[in-house]
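Subject: Structure handover

Hi,

Here is the structure I promised you. Please load it before reading on. My notes follow below.

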Amino acid sequence: MVHIALHNSDAAAEHREGVLHVWNETFGRVGDASVWQDTVWDRHRARADFRLATAYDDDRLVGFSWGYTGQPGQYWSDFILDKLGPAVQEWVGGHFEFVELAVLPSVRGQGVGGRLHDLLLAGLPHKRALLGTDDDATSAAVRLYLSRGWRRLGKQSPTGQVMGKLMEDD
């Protein structure tokens, strides 16, 4: 049985090794774990309202999702404002930025991703949420997001899109 839990920034620190393992298996190996820790993990954990949802099968981390409050002046917020302008202008600033969702390939198709998604967004005070994902409507990630009320706001790259969710829809 997979157990799902939510953690704040401080509590998330103890899950770093497991998160890095799932990251490597899902997104491809990072070149240098210490650089990943500094430039991704620690930088994101320092953001306002950071939260990490974890999925454990016994003592093995099999999936995670994380996010935080996004603001202008942060890399991705500024990037999508530059790329999409008016299409996202009302969405950016004080939004919940749904940054990562990863589930080990051996555990996919069992609802773990959906449970991580739902727990990460549960009880948030934010009115809007944003995420970036691929632009393939047949991908499992895009199908999950669409089934949970996300909508396409525009393309951020030739193969990537920005999706938004109005949180009061929940």
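How do the residues of the lining of the second largest pocket divide into nonpolar, polar and charged? There are six nonpolar, three polar and four charged. Keep in mind that this is a predicted model.

**Second largest pocket**

Its volume is about 310 Å³. The lining of this pocket counts 13 residues. Nearest the centre are H44, W76, E97, V99 and E100. Four elements each give two or more residues to this lining: α3 (33-45), α4 (75-84), β4 and β5. The largest share comes from β4, with four residues.

**Largest pocket**

Here the volume is about 630 Å³. The lining is made of 26 residues. L101, A102, A140, A141 and Y145 lie nearest the centre of the largest pocket. The elements that supply two or more lining residues are α2 (16-27), β4 (95-103), α6 (112-121), β5 (128-134) and α7 (140-147). Again β4 is worth a look: β4 gives the most to this lining, with six residues. By class, the lining of the largest pocket holds 13 nonpolar, nine polar and four charged residues.

**The sheet**

Seven strands form an open sheet. Their order is β1-β2-β3-β4-β5-β7-β6, and the pairing is mixed. At the edges sit β1 (2-8) and β6 (151-155), each pairing on one side only. On average, neighbouring strands of this sheet are turned by 25° against each other, direction ignored.

One strand pair in detail: β1 runs antiparallel to β2 (residues 51-57), and seven bridges join them. Within this pair, H3 has Y56 in β2 as its bridge partner.

**Helices on the sheet**

Two helices to check here. α3 lies across β2, β3 (60-70) and β4. The angle between α3 and β3 is about 65°. α6 lies across β1, β2, β3, β4 and β7 (160-166). Against β4, α6 runs at about 155°.

**Helix against helix**

How do α2 and α3 pack, and at what angle? Their angle is about 100°, and their axes are 12 Å apart. Angles of 65 to 115 degrees count as roughly perpendicular, so α2 is roughly perpendicular to α3.

The residues that make this contact are:

- from α2: R16, V19, L20 and W23
- from α3: A33, W36, Q37, V40 and W41

By class, the α2 contact with α3 has seven nonpolar, one polar and one charged residues.

**Where to look**

For a quick tour, take β4 as the starting point. β4 gives six residues to the lining of the largest pocket. It gives four to the lining of the second largest pocket. α3 lies across β4, and α6 does too. Then turn to α3, which gives two or more residues to the lining of the second largest pocket and packs with α2.

Best regards

Notes:
Residues numbered from 1 in each chain as written. Predicted model: local features only at pLDDT ≥ 70, side-chain atom pairs only at ≥ 80, totals over all residues. Heavy atoms only, no water. 1 Å grid on protein atoms, 1.4 Å probe; cavity = no way out; pocket = protein on both sides within 12 Å on 5 of 7 lines; lining within 4 Å. Points joined across faces, edges and corners; volume = space filled by probe spheres on them. Nonpolar A, V, L, I, M, F, W, Y, C, P; charged D, E, K, R; others polar. Pairing = 2+ DSSP bridges. Axes fitted to C-alpha atoms, helices over the stretch in contact; angles between N-to-C directions. Contact = heavy atoms within 4.5 Å. Parallel < 35°, antiparallel > 145°, perpendicular 65-115°, else oblique.
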